[in-house]
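User: I have a model open here and would like to talk through its packing, its aromatic rings and its cysteines. Could you take me through them one topic at a time?

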Amino acid sequence: MWNAVVEKVSQSYSCLTVDLPGFAADEVEVVPWTFSMVSDEIVRYMKNHKIEKVVLCGSSMGGYAALDFAFKYPAMCSGLILMNTQAVADGNEAKEKRSENIRKI
């Protein structure tokens, strides 16, 4: 879903995407992950690519991950772009709806 965004933004800025735990195209094993693990994975990616600071963009649950990163590693985050997300955890109704959708899938 990010390909068109990256193509456009890359015309003016350095833009990278990261395969996060549970989302990599070649990943077969499904492992439970936390937002803290995602933040750590982003830091690993940054260090491997010698990136000191980022403006991190996250959509939906990616926004939760971006917020976790900003709180956990503020010195490495110079900005956030948050889309279709919120700053608080889902209530029980939203969690139940998500669980039901997962069961259907």
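Analyst: What follows goes through one helix, the core, two serines, the rings and the cysteines.

Analyst: This is a predicted model, in which local features need pLDDT of at least 70, side-chain atom pairs count only at pLDDT 80 or more, and totals for chains, interfaces and linings use all residues. Residues are numbered from 1 along each chain as its sequence is written, and side-chain values use heavy atoms, with hydrogens and water left out.

User: Which residues of α3 are buried?
Analyst: In α3 the buried residues are Gly63, Tyr64, Ala65, Ala66, Leu67, Phe69 and Ala70, where buried means under 20% relative accessible area, exposed over 50% and partly exposed in between, with a 1.4 Å probe and protein chains only. Helices are DSSP runs of H or I with at least four residues, strands are runs of E with at least two, and both are numbered from the N terminus.

User: And what do they pack against?
Analyst: The buried residues of α3 pack against α2, β1 and β2 (77-83), contact being heavy atoms within 4.5 Å. Ala66, for example, is in contact with Leu56, Gly58, Leu80 and Leu82, leaving aside its neighbours within four places in sequence.

User: How many residues are in the largest nonpolar core?
Analyst: It has 12 residues, among them Val38, Ile42, Leu56, Ala66, Phe69 and Cys77, and a nonpolar core is a set of buried Ala, Val, Leu, Ile, Met, Phe, Trp, Tyr and Cys residues joined through side-chain atoms within 4.5 Å. The elements that give two or more residues to this core are α2, β1 (54-59) and α3 (61-72).

User: Switching to Ser39, is that buried or exposed?
Analyst: Ser39 is buried, with a relative accessible area of 0%, and it lies in helix α2, which covers residues 35-48. Its side chain makes a polar contact of 2.5 Å with the side chain of Asp68; such a contact is a pair of N or O atoms within 3.5 Å, where within protein one must be able to donate a hydrogen and the other to accept it, and residues adjacent in sequence count only if both atoms are side-chain atoms. Not counting residues up to four places away in sequence, Ser39 touches Ala65, Asp68, Phe69, Lys72 and Tyr73.

User: What does Ser59 touch?
Analyst: Ser59, which lies in strand β1, touches Met1, Trp2, Met83 and Asn84 when residues up to four places away in sequence are not counted.

User: How many aromatic pairs are there?
Analyst: The count comes to 2 aromatic pairs, taking rings of Phe, Tyr and Trp (its six-membered ring) whose centres lie within 6.5 Å, with planes under 30 degrees apart called stacked, over 60 edge-to-face and the rest tilted. Phe35 and Tyr64 are edge-to-face, at 5.7 Å centre to centre and 75° between the planes, and they link helix α2 to helix α3 across 29 residues. Phe69 and Tyr73 are tilted, at 5.6 Å and 40°.

User: Why does Cys57 have no disulfide with Cys15?
Analyst: The sulfur of Cys57 has its closest cysteine sulfur in Cys15, 8.2 Å away, which is too far for a bond, since a disulfide is a pair of cysteine sulfur atoms within 2.5 Å. A search of the whole structure finds 0 disulfides. Cys57 is partly exposed at 33% relative accessible area, whereas Cys77 counts as buried at 13%.
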